[in-house]
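Work through these short exercises on charged side chains. Each task comes with a worked solution.

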Amino acid sequence: MQRIRLALLPVALLAGCAGVPQKPLSGASAAVLKNQTLIASFADKPDFAAWTPGKIVLAGGLFGGMWAVSAGNGIVEENHVPDPAAQIAYKLTLAMAARYGADAKPRLLRVNSDAVEDIADTARASTRYIVDVRTLHWGLSAFPGSWWRYRVQYAARARLIDTWQRLVLAEGRCDFTRLDDRSAPTYDELVDRQAAGLKWELGTATALCVNVLQQQMRLALNGSRELA
C-alpha cells in the first residue's frame, strides 16, 4: 500500500522556501465573515523540477539544476499539467463559506506578487476577504538507491487575507511526498499518456492539502472544534 506523508516539515527540506507558521482563524475574525464575499487567488505556476538520475549526479553544478527545471517545465507544458494551487484555493474558499456563512464567488484572481499588501490592493475592489494559495515547491525525483522509482513532491501555503486592513487572518502550509519506494511509479508511468500518473499524484496532493489546510486554519465544517 502506498504511504503518503502530509505534514508540517522543517523548512530545510524544501530549499528556498521561507518558514510558514500555522495560524488558525480567531473567533473574532470568524464572526465578521458572515455574509461577506470571498474569492480565491493564486499566482503563475513556479518552475517544476524533474530530477532524473543523470541530473542528480550533476546537481552539484549549475547545469544539473538548469536541466532539471528545463525538463520539468517541458513535462508540465507539453502535457498541460495544472498547478494545484488554484483548485486548493477555490476549495478552501468553499469550505470557509460553508463554515462561517460567507458568500463564495466562483472566480479566481491571479496575483503574481507574493506581498500581502499587493494581494490586498489588487483584490480590494472585488472582495473584503481573499483566500490566497501559492505553490512553494513542486517536482519529481528518483528515490536514492531505487533510481527507477520516482516520487512527486508538492508544497503549498494558504493565507486568508483581509484586503481592507491588509492583514493575514489565518495561514497554513502543507507538504506532500511519498515515503515508500516499493510501490512508487517509474518515470514512464508518471509521464506517459499525457502525464496521467503525474496528474494523479498531484490530485492526491491537492485533496490532502485541502484537508490539512482546513484543519490548520480552522476552515473545516465537519469534524472541527468550535471556536473559542
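Buried means under 20% relative accessible area, and exposed means over 50%. Keep in mind that this is a predicted model.

**Exercise 1.** Decide whether Asp 132 is buried or exposed.

Solution. Take the relative accessibility of Asp 132, which is 0%. The cut-off for buried is under 20%. Asp 132 therefore counts as buried.

**Exercise 2.** Find the salt-bridge partner of Asp 132 and place both residues.

Solution. Asp 132 forms a salt bridge with Arg 159. Their closest N and O atoms are 3.5 Å apart. Asp 132 lies in strand S5 and Arg 159 in strand S6, so the pair ties together parts 27 residues apart in sequence. Arg 159 counts as buried, at 5% relative accessibility. Next, look at the wider network: Asp 114, Asp 132, Arg 134, Arg 157 and Arg 159 are linked by salt bridges.

**Exercise 3.** Describe the salt bridge of Asp 162 with Arg 128.

Solution. Start with the distance: the closest N and O atoms are 2.8 Å apart. Then locate the partners. Asp 162 is in strand S6 (residues 146-162). Arg 128 is in the loop between helix H5 (116-123) and strand S5 (129-143). The two are 34 residues apart, and the pair links distant parts of the chain. Last, check burial. Asp 162 is buried at 1% relative accessible area, and Arg 128 is buried at 16%.

**Exercise 4.** State whether Arg 173 and Asp 175 are buried or exposed.

Solution. Their side chains meet in a salt bridge, 2.8 Å from N to O. Arg 173 has 3% relative accessibility and counts as buried. Asp 175 is buried, with a relative accessible area of 3%.

Note on methods: Residues are numbered from 1 along each chain as its sequence is written. This is a predicted model: local features need pLDDT of at least 70, side-chain atom pairs count only at pLDDT 80 or more; totals for chains, interfaces and linings use all residues. Side-chain values use heavy atoms; hydrogens and water are left out. A salt bridge is a side-chain nitrogen of Lys or Arg within 4 Å of a carboxyl oxygen of Asp or Glu. Helices (H or I, at least four residues) and strands (E, at least two) are DSSP runs, numbered from the N terminus. Buried means under 20% relative accessible area, exposed over 50%, partly exposed in between (1.4 Å probe, protein chains only).
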